[in-house]
Amino acid sequence: MRSGKITRNTKETEISLSVNLDGTGRSEIATGIGFLDHMLDLLARHARMDLTVRAKGDLHIDQHHTNEDVGICLGQAVKQALGDMRGITRYADVHVPMDETLTRVAIDISGRPVFRVEFPRDKIGEFDVDLVREFFQAFTTNAGVTLHVETLYGDNSHHVAESCFKALARALRAAVAIDAAAKNEIPSTKGSLG
């Protein structure tokens, strides 16, 4: 079982997060940020990874620290779960439609993020849309993945955000899948990833 567990305690947040990359899409999410809980639930479901998140943060200030630190923990847990990355497919790309929105994600389990997404509004309910970028930045930096996220078009900020998370889920699911033809190999000419 490829799993990871991270605990992060700072003056701003207390987070416990676990992930099983070979799960069924089961999730137990409680961050105190309803919209983030929704995005993490659909990420787990569409990536078919089991995800448990318990987060307490300084929400009396704003949602930034909790959102970013959950992204950090998720990235670290995924990296931990991948281990030496032996046998993974490594690369994947996907287009995900969400009503009037279309988002493309390409991933390489090795590198840095690119995020080209514009939101029609500044808020989704009480959720600041800038936090979507912050989450993806924190996740990719800590997971050690190259991630290209681009919304090709979309008019509804909720649909834009949801298509980004669903596209990440589907691409991540494909990239971390074990390649049966190379299950004992590290998919790099260097002999290592990360």
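**View 1. Cysteines 73 and 164 in the predicted model.** In this predicted model, Cys 73 has a relative accessibility of 0% and therefore counts as buried, since the cut-off for burial is under 20%. Cys 164 is likewise buried, with a relative accessible area of 0%. A disulfide is a covalent bond between the sulfur atoms of two cysteines. A search of the whole structure finds zero disulfides.

**View 2. Helix α4 and its N-terminal cap.** Helix α4 comprises the 20 residues 157-176. At 1.5 Å a residue, helix α4 should span 28 Å, and the 29 Å separating its end C-alpha atoms agrees with this expectation. At the N-terminal end of α4, Asn 156 acts as the cap, with a side-chain oxygen 2.9 Å from the backbone nitrogen of His 158. The helix is mostly covered, as 16 of its 20 residues are buried.

**View 3. The largest nonpolar core.** In soluble globular proteins, nonpolar side chains tend to be buried together. The largest nonpolar core of this model has 62 residues. The residues with the most contacts inside this core are Leu 40, Leu 74, Ile 109 and Phe 136. Helix α4 supplies the largest share of the core, 11 residues. Beyond its neighbours within four places in sequence, Leu 40 is in contact with Ile 29, Thr 31, Leu 51, Val 53, Val 70, Leu 74 and Phe 135.

**View 4. Asp 69 in helix α2.** Asp 69 belongs to helix α2, which covers residues 64-82. With a relative accessibility of 3%, Asp 69 counts as buried, because the cut-off is under 20%. When neighbours within four places in sequence are set aside, the contacts of Asp 69 are Arg 8, Thr 10, Thr 13 and Ile 15.

**View 5. The two faces of strand β5.** In a regular strand the side chains alternate between the two faces of the sheet. Strand β5, residues 91-98, shows such an alternation. Ala 92, Val 94, Val 96 and Met 98 point to one face and are buried. Tyr 91, Asp 93, His 95 and Pro 97 point to the other face and are not buried.

**View 6. The hairpin of β5 and β6.** Strand β5 pairs with strand β6, residues 101-108, in the antiparallel sense over eight bridges. Pro 97 has Leu 102 as its bridge partner in β6. Two residues lie between the strands of this hairpin, where Asp 99 adopts a positive phi near 55°.

Note on methods: Residues are numbered from 1 along each chain as its sequence is written. This is a predicted model: local features need pLDDT of at least 70, side-chain atom pairs count only at pLDDT 80 or more; totals for chains, interfaces and linings use all residues. Side-chain values use heavy atoms; hydrogens and water are left out. A disulfide is a pair of cysteine sulfur atoms within 2.5 Å. Buried means under 20% relative accessible area, exposed over 50%, partly exposed in between (1.4 Å probe, protein chains only). Helices (H or I, at least four residues) and strands (E, at least two) are DSSP runs, numbered from the N terminus. The expected span of a helix is 1.5 Å times one less than its number of residues. A polar contact is a pair of N or O atoms within 3.5 Å; within protein, one must be able to donate a hydrogen and the other to accept it, and residues adjacent in sequence count only if both atoms are side-chain atoms. Two strands pair if DSSP finds at least two bridges between them. Contact means heavy atoms within 4.5 Å. A nonpolar core is a set of buried Ala, Val, Leu, Ile, Met, Phe, Trp, Tyr and Cys residues joined through side-chain atoms within 4.5 Å.
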